[in-house]
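This briefing sets out selected features of one protein structure, grouped by topic. The sequence and the model are shown below.

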Amino acid sequence: MMKRSIGLVLTLILLWGSSVSAENNYNWIEGGKKISLGSMATVDLNEEFTFLDGADTIKLQRDWNFKPSGKEIGSIHPLDENQNWVVYFEYEESGHIYDDEKKKIDANAILKSYKDGSEEANKELEPESRLYVAGWDVEPFYDDKTHNLTWSMMFENEAKEPLVNYHERLLTREGYISAILVSDPAEREANRVTLDTKIMPKLQVNEGKRYVDFIEGTDKVSEYGLSALVLGGAGLAVAKKAGLIGLIAAFGKKFIFIVIAAVGGIFALIKKMLTRKKESAIPTGTDDQSSAS
């Protein structure tokens, strides 16, 4: 079994204690139907997956003693107990983000900002809480046909364990939808393929909210572009100057949860809940369900 830091072990103990009592209190939406990501989009959910709406995704995080952002619009989980991943969706009404940086995203400058920020942040942290930027897993790139910005950064903890998250930002008329893949590092490549072939292509932004629906001179416009979005966007404006310092300050426990969850311990809890779901008659929701966030 992979060695874990004392901080991680304590975190998982807290998670275990809080999640067991809440196992059957979520409205798991089974796949094989179209589901809503709040009022922003729909996903034709593969029958291999299950879904929690925004309200239940927030509740799940609170039950695990983590602070949600409040912007969650849903999460997708595998039914297969041998798969260790979760995709979280959030929506940020940042204003319309012009994509004129699409051919000049400076990956080296962004990476340096993260590294500088992490070095400063680590000075204030105990060793078991420190994170180190190891480099890009996937350098930021933008697809101007789908208006999707993608990147993946590699971190290490003090024990040199790899921590990787895969990010996609789907630009919309007045903001963006975030898709964050939390995955076991050993399986991240396969899980990334799952996200890019079985989930994102089936996500459709609602008419009137699409990137192409933007009305110049009328709709709200963002103050930042694609590079700043990789560094965190409006909610992490300080990250433009402070790199990871701003990132950690803004996300707090949630950020630490996202990167540490990839170690794998959190997935045992998800499996346990999904197993219980299969064994009991839990409501599956309806096609017109929507997020409360």
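Which residues in H2 are buried? In this predicted model, the buried residues of H2 are Gly54, Asp56, Thr57, Ile58, Leu60, Gln61 and Asp63. The points below begin with that helix and the strand E4, then turn to the sheet, the nonpolar cores and the aromatic pairs.

**Helix H2 and strand E4**

- Helix H2 spans residues 54-63 and is mostly covered, with seven of its 10 residues buried.
- The N-terminal end of H2 is capped by aspartate 53, which places a side-chain oxygen 3.2 Å from the backbone nitrogen of alanine 55.
- Strand E4 comprises residues 49-53, and five of its five residues are buried.
- Burial affects both faces of E4: Phe49, Phe51 and Asp53 are buried on one side, and Thr50 and Leu52 on the other.
- Aspartate 53 thus appears in two settings: its side chain caps H2, and it stands opposite glycine 74 in E5.

**The sheet**

- Eight strands form an open sheet with antiparallel pairing, in the order E1-E4-E5-E6-E10-E9-E8-E7.
- Its edge strands are E1 and E7 (132-143), each of which pairs on one side only.
- H3 packs on the sheet and touches both E7 and strand E8 (148-156); the direction of H3 makes about 145° with that of E7.
- Strand E1 (residues 29-30) runs antiparallel to E4 and is joined to it by two bridges; here glutamate 30 stands opposite threonine 50 in E4.
- E4 is also joined to strand E5 (residues 72-78), through five bridges and again in the antiparallel sense.
- Seven bridges link strand E9 (residues 162-171) with strand E10 (residues 176-183), an antiparallel pair.
- Asparagine 165 has valine 182 in E10 as its bridge partner.

**Nonpolar cores**

- The largest nonpolar core has 26 residues, of which Leu37, Ile76, Val87, Phe89, Ile177, Ile199 and Leu203 touch the most other members.
- Strand E6 (residues 85-92) gives the most to this core, contributing four residues.
- Another core, of 24 residues, lies apart from it; Ala107, Met153, Tyr176 and Leu229 are among its members.

**Aromatic pairs**

- The structure holds three aromatic pairs, two of which are described here.
- In one pair, the ring centres of tyrosine 26 and tryptophan 28 are 6.3 Å apart and the planes meet at 70°; the pair is therefore edge-to-face, as the angle is over 60 degrees.
- Tyrosine 26 and tryptophan 28 are both buried.
- Tyrosine 98 and phenylalanine 214 form an edge-to-face pair, with 6.0 Å from centre to centre and 90° between the planes.
- Because tyrosine 98 lies in the loop between E6 and helix H3 (107-122), and phenylalanine 214 in the loop between strand E11 (203-205) and helix H5 (226-230), this pair ties together parts that are 116 residues apart in sequence.
- Tyrosine 98 has a relative accessible area of 33% and is partly exposed, whereas phenylalanine 214, at 16% relative accessibility, counts as buried because the value is under 20%.

Terms used: Residues numbered from 1 in each chain as written. Predicted model: local features only at pLDDT ≥ 70, side-chain atom pairs only at ≥ 80, totals over all residues. Heavy atoms only, no water. Core = buried A, V, L, I, M, F, W, Y, C linked by side-chain atoms within 4.5 Å. Buried < 20%, exposed > 50% of the residue type's maximum accessible area, 1.4 Å probe, protein only. Phe/Tyr/Trp six-rings, centres within 6.5 Å; stacked < 30°, edge-to-face > 60°. Polar contact = N/O pair within 3.5 Å; in protein donor to acceptor, adjacent residues only side chain to side chain. Pairing = 2+ DSSP bridges. Contact = heavy atoms within 4.5 Å. Axes fitted to C-alpha atoms, helices over the stretch in contact; angles between N-to-C directions.
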